[in-house]
Amino acid sequence: MRTSLLLLVAAPLLLANADVTASSPQEAPPPPPPNQSVERSSEVKAMLDAAMKAGDEGAVNAIVKYAKAADKERAAQFEKTASAWKRERKEAAERRLREAKFLDLVKGRAELGGYFTTGNTETLGLTGILDLKREALRWRHKLRIQADYQESLGQTVRERYLASYEPNWKIDDRAYVYGAAQFESDRFLGFDERYAISAGAGYSAVKSPALTLDLEIGPAFRYTEFVTAPTERQVAARGKLDLDWKLSRGVTFSQDASAFVEQQNSTITGKSALRVKLFGPFSTQMSYAVNYESAPPNGRKSTDTTTRASLLVDF
């Protein structure tokens, strides 16, 4: 009888103690069943295989990151598989570049635009740009030819020509050494001919599928034949910025800027553009360009702007 009474008194205390022990946060949860862990590992492996087959490196990186959190036991194996795939992919790309013919690596873009207004004024403007680029294993070559022509009331009010060539030698995946040669002619800005040569260092500060940013800086030499002023020969500092930002699958914003800073006359140019893909190799673009001369010849304005609506063809 006495034993029964002790059990009745102690039973609630034992049950309470069992509940506290079971709910203690210090006790580790039981491991998942072996078949559940294997199933989860198979799912991760299937996703990783699919991403590698599609050639999507961004998805591969995301899956490996997920695997480290979801399946720590096999995370190292998944990371090793992904690293081997990246290495083989890089070697295959380099092999294709080494074995490619010269013209196989040349890509280009042609731009043609213009505008016409009637009423109080009659204005016709045309612009044409040709960009060529060859991206090899160590060398990158860029060539640009541009022409702007505008008439107003039967008189030519704008006639600008530009040609530039820039070879780059890649030090690594981001850093490179550049050379640059440029010819300009714009008598409405006050010069018949202007030649510039430069060399320096470049760096890809941002390099991703959605955003790229290249920066360049180096010394330069400019030779300018003015329309109504003496010829100038000046040593200058050159800086350049190229930004491309894919806002969506078919919309890209770009910002290009360059500057020649010298003692007598500095030149700053900039171009903002919004490009929308239409179909196939065709796209359309709206752009706004500014050209600034700090000390233009007498009777010339410092700033010249051009707004363009263009049709682009990639080839």
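User: Is Leu143 buried, partly exposed or exposed, and what is its relative accessible area?
Analyst: In this predicted model, Leu143 lies in strand β3, which covers residues 139-152. Buried means under 20% relative accessible area and exposed means over 50%, with partly exposed in between. Leu143 is therefore partly exposed, with a relative accessible area of 33%.

User: Which residues make a nonpolar surface patch with Leu143, and what is its area?
Analyst: The patch joins Leu143 with Leu130, Ile145, Tyr165 and Phe315. Its area is about 440 Å².

User: Which residues make up the largest nonpolar core, and how many are there in all?
Analyst: The core holds Val44, Leu48, Ala51, Met52, Val60, Ile63, Val64, Ala67, Phe78, Ala82 and Trp85. At least two of its residues come from each of α2 (34-54), α3 (57-70) and α4 (75-99). The core numbers 11 residues in all.

User: Which residues does Met52 touch, leaving out those up to four places away in sequence?
Analyst: Met52 belongs to the largest nonpolar core. With residues up to four places away set aside, Met52 touches Val60, Thr81 and Trp85.

User: What span should α4 have, and how far apart are its end C-alpha atoms?
Analyst: Helix α4 has 25 residues, and at 1.5 Å a residue these should span 36 Å. Its buried residues are Ala75, Phe78, Ala82, Trp85 and Ala92. The end C-alpha atoms agree with the expected span, as they are 36 Å apart.

User: What percentage of the residues in the chain is buried?
Analyst: The chain has four helices and 12 strands. Of its 315 residues, the buried ones make up 30%.

Terms used:
Residues numbered from 1 in each chain as written. Predicted model: local features only at pLDDT ≥ 70, side-chain atom pairs only at ≥ 80, totals over all residues. Heavy atoms only, no water. Buried < 20%, exposed > 50% of the residue type's maximum accessible area, 1.4 Å probe, protein only. Core = buried A, V, L, I, M, F, W, Y, C linked by side-chain atoms within 4.5 Å. Contact = heavy atoms within 4.5 Å. Expected span 1.5 Å × (residues − 1). Patch = residues over 30% accessible without salt bridge, like charges linked within 9 Å, V, L, I, M, F, W, Y side chains within 5 Å. Areas by Shrake-Rupley, 256 points an atom, 1.4 Å probe, with all protein chains shown as cover. Salt bridge = Lys/Arg side-chain N within 4 Å of Asp/Glu carboxyl O.
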